[in-house]
Amino acid sequence: MKRSVIVMSLLLLVGAGCGYKTPSPEPSPARPTEEVSGSIDGTWKLKRFKASGKETQDVSKIGSTLTIEAGTRLSARICNSMSGEYNIESGTLKVSILLSTKMFCTGLPGEIETAFSQGLSTGLKIDLSSEVLVLRAGAGAEFTYERSEDPRVGTPADEETAAEDRVVSGTVVSIDTDQVPVDGPAVVNLRTSSGAMAKILVPSFGLGLCKAKASIADVYTLKAGDRVEANGSLGVDGAIIPCQSEAHYLRVTTK
């Protein structure tokens with residue numbers, strides 16, 4: 001009995017001398033920090049734009065907006081409306097898949113929109129100071145936003161929408177679908193009763209996002225000589241865009 005006790009004691013001492021320790025779990029890989037000194041959530045209005053290699057311009061009259069929902073999606077309106085799920089890594093804002101309407105945009109709005117969408121795909125460096133948000137693209141473009149106190153900016157109230165809408169009617173002169181294969185709009189050219197020319201832009205790729213989709217005539221069934229009527233928002237160069245409200249439409253009145 002005494003021998004068994006001695007053997008057991010020796011085994012305990014040998015075990016103690018091995019220095020065995022329970023393995024510690026491996027640390028999780030460090031996640032990249034956002035490195036943003038504040039929250040960029042909310043609605044912002046574009047005030048200034050600087051194209052690569054050019055001077056900064058005041059673009060506040062364009063009415064471009066950016067809305068960022070905490071940790072989920074962002075939406076923007078410049079000429080087209082666009083949205084997508086975003087992520088922020090190392091202080092850079094990026095959207096992998098950006099959905100957008102595809103109205104044809106010219107001039108400064110078109111230039112800003114191209115630079116902004118390209119910047120989102122490659123990453124926009126965030127510089128946040130108080131109520132000013134600056135987004136810088138690697139290609140050199142720079143967008144300066146100021147926080148908007150009105151969450152409706154970019155989504156006008158009903159009475160404002162009505163004031164911006166236009167109704168036009170006339171005889172179809174021509175239908176241009178050349179831009180449709182590259183997700184551009186179909187262009188319906190009209191001559192009104194006064195003899196003036198009018199243009200209606202119907203999104204192709206973005207038609208699924210069109211609020212008036214059910215009320216938009218199929219442009220491929222239109223032909224010169226048809227009389228049509230459209231209700232839509234006033235776009236670039238006076239074009240009518242019948243998509244931004246459920247009240248909008250493009251319909252044939254006489255074949």
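In this predicted model, the side chains of D226 and K223 meet in a salt bridge, with 3.3 Å between N and O. The two partners differ in their surroundings, for D226 counts as buried because its relative accessibility is 1%, whereas K223 is partly exposed, with a relative accessible area of 45%. D226 also forms a salt bridge with K255, and here the closest N and O atoms are 3.1 Å apart. Since D226 lies in the loop between β13 and β14 and K255 in the segment after β16, the pair ties together parts that are 29 residues apart in sequence. K255 itself counts as exposed, at 58% relative accessibility.

A further salt bridge joins E229 to R251, whose closest N and O atoms are 3.3 Å apart. This pair links distant parts of the chain, with E229 in strand β14 and R251 in strand β16, 22 residues apart. At 41% relative accessibility, R251 counts as partly exposed. Elsewhere, D127, R136 and E142 are joined into one network by salt bridges that share partners. A search of the whole structure finds seven salt bridges, and in general, side chains of opposite charge can pair when their charged atoms come close.

The loop between β13 (197-202) and β14 (227-234) also holds A214, which counts as exposed because its relative accessibility is 84%. A214 and L250 are separated by 36 residues in sequence, and their C-alpha atoms are 9.7 Å apart in space.

T144, by contrast, is found in strand β10, which spans residues 142-147, and it counts as buried because its relative accessibility is 6%. Leaving aside residues up to four places away in sequence, T144 touches K45, L46, K47 and R48, together with V132, L133 and V134.

Turning to the protein as a whole, one finds three helices and 16 strands, and 36% of its 255 residues count as buried. Among contacts with a separation of 6 or more, 55% are made by residues 24 or more positions apart. The protein exposes about 14,900 Å², of which carbon and sulfur atoms supply 53%.

Confidence should be kept in view when reading the model. The mean pLDDT is 79, and 74% of the residues reach 70 or more. Over residues 5-22, pLDDT stays under 50, and the model has zero contacts beyond four places in sequence for this stretch. Over residues 27-34, pLDDT likewise stays under 50, but for these residues the model has eight contacts beyond four places in sequence.

Conventions: Residues are numbered from 1 along each chain as its sequence is written. This is a predicted model: local features need pLDDT of at least 70, side-chain atom pairs count only at pLDDT 80 or more; totals for chains, interfaces and linings use all residues. Side-chain values use heavy atoms; hydrogens and water are left out. Helices (H or I, at least four residues) and strands (E, at least two) are DSSP runs, numbered from the N terminus. Buried means under 20% relative accessible area, exposed over 50%, partly exposed in between (1.4 Å probe, protein chains only). Contact means heavy atoms within 4.5 Å. pLDDT is the predictor's confidence in each residue, from 0 to 100. Accessible areas come from the Shrake-Rupley method with a 1.4 Å probe; for residues, only the protein chains shown count as cover. A salt bridge is a side-chain nitrogen of Lys or Arg within 4 Å of a carboxyl oxygen of Asp or Glu.
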